[in-house]
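Reader: Could you walk me through how to read a protein model, feature by feature?

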Amino acid sequence: MAQGGGAKQVKLERESELRIEVGNDAPLKLRLLNGTAEIFGTELPPEIWLTFPPRLKFAVFTWYGATIEMDGSTETDYTADETPNISYVNVHAVLEERRNRAKASPPEDSNSSQPQGPRVIVVGPTDSGKSTLSKMLLSWAAKQGWKPTFVDLDIGQGAITIPGCIAATPIEMPIDPVEGIPLEIPLVYFYGHTTPSNNVDLYKVLVKELAQVIERQFSANAESRAAGMVINTMGWIEGQGYELLLHAIDTFDANVVLVLGQEKLCSMLRDVLKNKPGVDVVKLQRSGGVVSRNAKFRQKSRSHRIREYFYGLANDLSPHSNIANFSDLSVFRIGGGPQAPRSALPIGAEPAADPTRLVPVNINRDLLQTVLAVSFAKDPDQIISSNVAGFIYITDIDLHRKTITYLAPSAGDLPSKYLIAGNLPWLET
Ligand code: ADP
């Protein structure tokens, strides 16, 4: 169904959407000719050409009708008049009501619980549209003047920062459909792998750290407390993945659980949460427009995301290559890598690998072409509980001179000498 180049106009009836997968090789230009339309909750400006990068998948939705013009080639584009957006916007309306109620509540005395906006968690299998729904709810809220907090627990994709992290950031404006979320100063914790099964305990520890920081921010800021949060989760919903969902619901004190397109998950959650007063579990339909992405595509988009961190979406950033001495930096790994095999231990001893143990890493060529996080810790003891300032990419290690060459978003000294290694290889292409 690939479409050739050239401009074309598409007329959209009310409550319908134009679903687009941009081609692999070239960007697509698109503009709103008349009417009103939005991309995942963010309104399109009239007449202005927007440029969408290759491979992006998105939908232009209109509540009241619109004409769209596009120029360039697409992998697919088609209109659909069946979308779940009415049910999504109804959820938004309920959340708005709760935000207003929280804002209007009188300042509490220290004993009673504080007025609380919605704490929404979006759950469902992979490719059910979780990130998309999260963005819509955030953008609609931001349009109304709220600054809700976006929490991204999905280490596989990284909507806020690079994959392998969990992160949070306030959303102050509707999310730009091209640029995504501004990378200003998100609160980021580095997990270092793209699947949680690698170190489930560490994942839980980091989720807890993140939740505590947000809790502190909320108690100091009535406005963000009333705006609440939207938490995006991973698509891992079976076994341990399910346990992690319950852990996240509990840790963030979620009071609205939105389940996308999974009857079974919804009824399981309803069952376990029925004893928790004040938690609503709502089942929502998955949009027919959500595109399934295979493992290879995911791997590719992870690489793109890392590349974007250093080089910008349109190659508009110029990262710096810096050189440091081995002695200037301390690299650690959390969890200590593979366990010793039972056969290597004294008889009767159990292999014990403390999942949150900090293990110093010898700097050697194993670190080549990997991404390391720069911790904000002042002392190694603080590394696990500290968020990270950003990331570097190791391009060369000179064992003779004992120097490391790395790429960083900017020149100058790193904010800290403590670096965390994970398992985030990236081939700079
Ligand atoms: P999940 O977070 O559950 O893995 P996403 O929200 O990331 O799923 O959606 C998967 C992909 O489908 C994304 O690339 C997203 O942009 C795309 N997508 C979601 N909804 C639509 C839609 N209505 N039309 C076209 N593409 C969509």
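Author: What follows is a short tour of the ligand site, two helices and some strands.

Author: First, some ground rules. This is a predicted model, in which local features need pLDDT of at least 70 and side-chain atom pairs count only at pLDDT 80 or more, while totals for chains, interfaces and linings use all residues. Residues are numbered from 1 along each chain as its sequence is written, and side-chain values use heavy atoms, with hydrogens and water left out.

Reader: Happy with that. Which residues are closest to the ligand?

Author: A residue counts as near if one of its heavy atoms lies within 4 Å of the molecule. Here 18 residues surround the ligand, and the closest are Glu17, Lys57, Ser131, Thr132 and Arg293.

Reader: And what polar contacts does serine 131 offer?

Author: A polar contact is a pair of N or O atoms within 3.5 Å. An N or O atom in the side chain of serine 131 sits 2.5 Å from an oxygen atom of the ligand. Backbone N or O atoms take part too: one of serine 128 is 2.9 Å from a ligand oxygen, and one of glycine 289 is 3.2 Å from a ligand nitrogen.

Reader: How much of the ligand's area does the protein bury?

Author: Areas come from the Shrake-Rupley method with a 1.4 Å probe. Alone, the ligand exposes 560 Å², and the protein buries 90% of that. Strand 2 (16–22), strand 7 (57–62) and helix 2 (130–143) each give two or more residues to the shell. Helices (H or I, at least four residues) and strands (E, at least two) are DSSP runs, numbered from the N terminus.

Reader: Is helix 2 enclosed or open to the outside?

Author: Buried means under 20% relative accessible area, exposed over 50%, and partly exposed in between (1.4 Å probe, protein chains only). In helix 2, 10 of the 14 residues are buried, so the helix is largely enclosed by the rest of the structure. Among them are Leu133, Met136, Leu137 and Trp140. Just after helix 2, glycine 145 takes a positive phi of about 95°.

Reader: How do I check the length of a helix, say helix 7?

Author: The expected span is 1.5 Å times one less than the number of residues. Helix 7 (residues 295–311) has 17 residues and should span 24 Å; its end C-alpha atoms are 24 Å apart, which agrees. Buried residues of helix 7 include Arg298, Arg302, Ile306 and Phe310. Their cover, judged by contact (heavy atoms within 4.5 Å), includes strand 20 (370–375), strand 21 (388–398) and strand 22 (403–408). Histidine 304 also lies in helix 7, and at 34% relative accessibility histidine 304 counts as partly exposed. Glycine 312, just after helix 7, has a positive phi of about 85°.

Reader: Finally, in what order do the strands of the open sheet run?

Author: Strands of a sheet pair through backbone hydrogen bonds, either parallel or antiparallel. Two strands count as paired if DSSP finds at least two bridges between them. In this model 5 strands form an open sheet in the order 5-4-7-2-9, with antiparallel pairing. The edges are strand 5 (42–43) and strand 9 (74–80), each pairing on one side only. Strand 4 (residues 38–39) pairs with strand 5 over 2 bridges, and isoleucine 39 has threonine 42 as its bridge partner.

Reader: What does strand 3 pair with?

Author: Strand 3 (residues 28–35) pairs antiparallel with strand 6 (residues 50–52) over 3 bridges, and 6 bridges join strand 3 to strand 8 (residues 66–71), again antiparallel. Lysine 29 stands opposite aspartate 71 in strand 8.

Note on methods: Polar contact = N/O pair within 3.5 Å; in protein donor to acceptor, adjacent residues only side chain to side chain.
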